[in-house]
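This report covers selected helices, sheets, ring contacts and cysteines. The sequence and structure are shown first.

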Amino acid sequence: MFQGLSPLARDARAWPFEQARALLARVMRLRLSDAERDLAVTLIQAGKAAEAVATLPALAKPVVFETGYGPSGLPHLGTFGEVARTTMVRAAFRALTDDAIPTRLIAFSDDMDGLRKAAPNLPNQAMLAEDLGKPLTVVRDPFGTHASFGEHNNARLCAFLDGFGFDYEFVSSTDCYRGGRFDATLLTALERFDAIQKIMLPSLGAERQATYSPFLPISPKSGKVLQVPTLERHVERGTIVFRDEDGALTEVPVTGGGVKMQWRPDWAMRWTALEVDYEMSGKDLIDSVKLSNQVCKVLGGVPPEGFNYELFMDENNQKISKTKGNGLTMEDWLRYGAPESLSYYMFQSPKSAKKLYFDVIPKATDEYLQQLDAYPKQEAAKQLDNPVWHVHSGQPPTQGSPVSFSLMLNLVSAADASTKDILWGFLSRYIPGATPESQPLLDRLAGYAVNYYEDFVRPAKAFRAPDDRERAAMEDLLARLKALPAGCQDAEIIQNEVFAVGKDAGFEPLRAWFQALYEVLLGQSQGPRFGSFAAIFGLDRTIALIEAKLKGT
């Protein structure tokens, strides 16, 4: 599905294509000689990427994308955002290369990390307290469903990613350490211990410098990941010596799961051992990325391409924190909005700080629907810059929603609908032949609208009586609506009448007239086009609603 797009992808302006072009340049710079690179560029620009791969075997090696996950907690919005955005870059790279260069996306779980503290909402706190300090894949599962707490959360990660249809390969840190996948790089780290220390120590405080080691030994006695100094190194034996918790000098191999590396050197070691080509991270990790890049080079690797995305803020411009509980959770968004709208929000300006709170959901949903509606009408070059191309990895659905989310919210409000079935009573009359089966996106939006209305709109409704000018205008509107053909569902005709009333009544600006309508009729200050609302709600019901509010009921 990505073949034939490379000429358009070379000029596409959307940020995933900018990243993809930088990544392709890296791949050719690292894998090819100057002459080979010139040939590859010539072939790829001629639309012959497959021939380039066949001619230059170095290009047949998969390009590796990576995202990281800390399994001490459950997958969350940040997890989704990183995988979604990385998937967008991967799709852009596939389009840029006509899908001729293979790619892989690794979802890496740092499950060898020691459990530092147990979240208070977890069961079996006493058991977890006994296991503090042990690798997450050794800590017993407080839920009793898996062999370890790490495996429990890893399973939750995979279920989470599978639920959104992501294409990825799960990789466990524990498996890599114990299975020998990291052994060669760990031995290199042991050999170049001093060079790593030279990079890391200046970034630490004096007290931490005195005890810091890039290696965290796993105590053979307690099984805990220990933050202790490395007292001796034996490169020829591949071991380090440290003082165990009981004070005894202990020698362990750095291979085979005998140690875990400190997280910044661990990040660099992972990039090197897994030959990662691309990984993005949050703005808060910029300094850590710089340090890990230096360590990666010391280990003989090449730091991956990537960029630092901005963090989300709550409605008060405070950084979202799981500890504070401010901002939105994954569950919150999925109760009130479609996953597609969340992906759309993640796509938009990733290097600009954005607020993430409940009010953004309807706006993001409607913007997504507008882009989806525009997509089939755009020329091919514009389609690659349309957010829905990236949300759906180049295959946006052919059917959108004939009704906006904001309009659906107003319909729920006016009808006081408590279920999707009530909404469908209106929708099926407005859209002949429409059913939940024939309009699956519309059906999902109906459910989200009911939830959003019940939790946010209904509690905040504040009706007011019209003033004299507004009352006169509404009585004029009543007369005009009654003069329309019975059962009129032409949103433009109704909208024109509403517009004419406001203009004749001298409302300036005209939006004050529409605001008055929504405040008097629906108890809120804004809404979608009134004509569209009336057409779906029903002309007779709209007339009855206006009459009731003018009577004060």
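## Helix α15

In this predicted model, the buried residues of helix α15 are E340, S341, L342, S343, Y344, Y345, M346 and F347. The helix spans residues 339-347 and is mostly covered, with 8 of its 9 residues buried. After α15 comes S349, which has a positive phi, near 40°.

## Parallel sheet β1-β2-β3

An open sheet is formed by 3 strands in the order β1-β2-β3, with parallel pairing. Strands β1 (63-69) and β3 (169-172) are at the edges; each has a single partner strand, so one side of each lacks a neighbour in the sheet. Neighbouring strands here are turned by 30° against each other on average, direction ignored.

β1 and β2 (residues 103-109) run parallel and are joined by 7 bridges. Within this pairing, G68 stands opposite F108 in β2. Helix α5 (residues 77-96) packs on the sheet and touches both β1 and β2. The direction of α5 makes about 175° with that of β1.

## Antiparallel sheet β5-β6-β7

Another open sheet has 3 strands in the order β5-β6-β7, and its pairing is antiparallel. The edge positions belong to β5 (232-234) and β7 (249-253), each with a single partner strand, so one side of each is left without a neighbour in the sheet. The average turn between neighbouring strands of this sheet is 25°, direction ignored.

β5 pairs with β6 (residues 239-243) in the antiparallel sense over 3 bridges. E232 stands opposite V241 in β6.

## Aromatic pairs

The count of aromatic pairs comes to 27. In one pair, the ring centres of Y452 and F456 are 4.9 Å apart and the planes are at 40°; an angle that is neither under 30 degrees nor over 60 makes the pair tilted. Both residues lie in helix α21 (residues 440-460), 4 residues apart, about one turn of the helix. An α-helix has 3.6 residues a turn, so residues three or four places apart point the same way.

How do the two residues of this pair, Y452 and F456, count: buried or partly exposed? Y452 has 6% relative accessibility and counts as buried, while F456, at 25%, counts as partly exposed. The cut-off for buried is under 20% relative accessible area. Elsewhere, ring pairs link F426, Y518, F530, F533 and F537 into a cluster.

## Charges over rings

R85 lies over the face of Y309, at 5.1 Å from the ring centre. K549 is placed over the face of F463, and here the distance from the ring centre is 4.0 Å.

## Cysteines

How many disulfides does a search of the whole structure find? The search finds 0. A disulfide is a covalent bond between the sulfur atoms of two cysteines. For C158, which is in no disulfide, the nearest cysteine sulfur is that of C176, 14 Å away. The cut-off for a disulfide is a pair of cysteine sulfur atoms within 2.5 Å, so the 14 Å between C158 and C176 does not meet it.

C176 is likewise in no disulfide, and its nearest cysteine sulfur is that of C158. Both cysteines count as buried: C158 at 18% relative accessibility and C176 at 2%.

Methods
Residues numbered from 1 in each chain as written. Predicted model: local features only at pLDDT ≥ 70, side-chain atom pairs only at ≥ 80, totals over all residues. Heavy atoms only, no water. Pairing = 2+ DSSP bridges. Helix = DSSP H or I, 4+ residues; strand = E, 2+ residues; numbered from the N terminus. Axes fitted to C-alpha atoms, helices over the stretch in contact; angles between N-to-C directions. Contact = heavy atoms within 4.5 Å. Phe/Tyr/Trp six-rings, centres within 6.5 Å; stacked < 30°, edge-to-face > 60°. Buried < 20%, exposed > 50% of the residue type's maximum accessible area, 1.4 Å probe, protein only. Lys NZ or Arg CZ within 6 Å of the ring centre and 35° of its normal.
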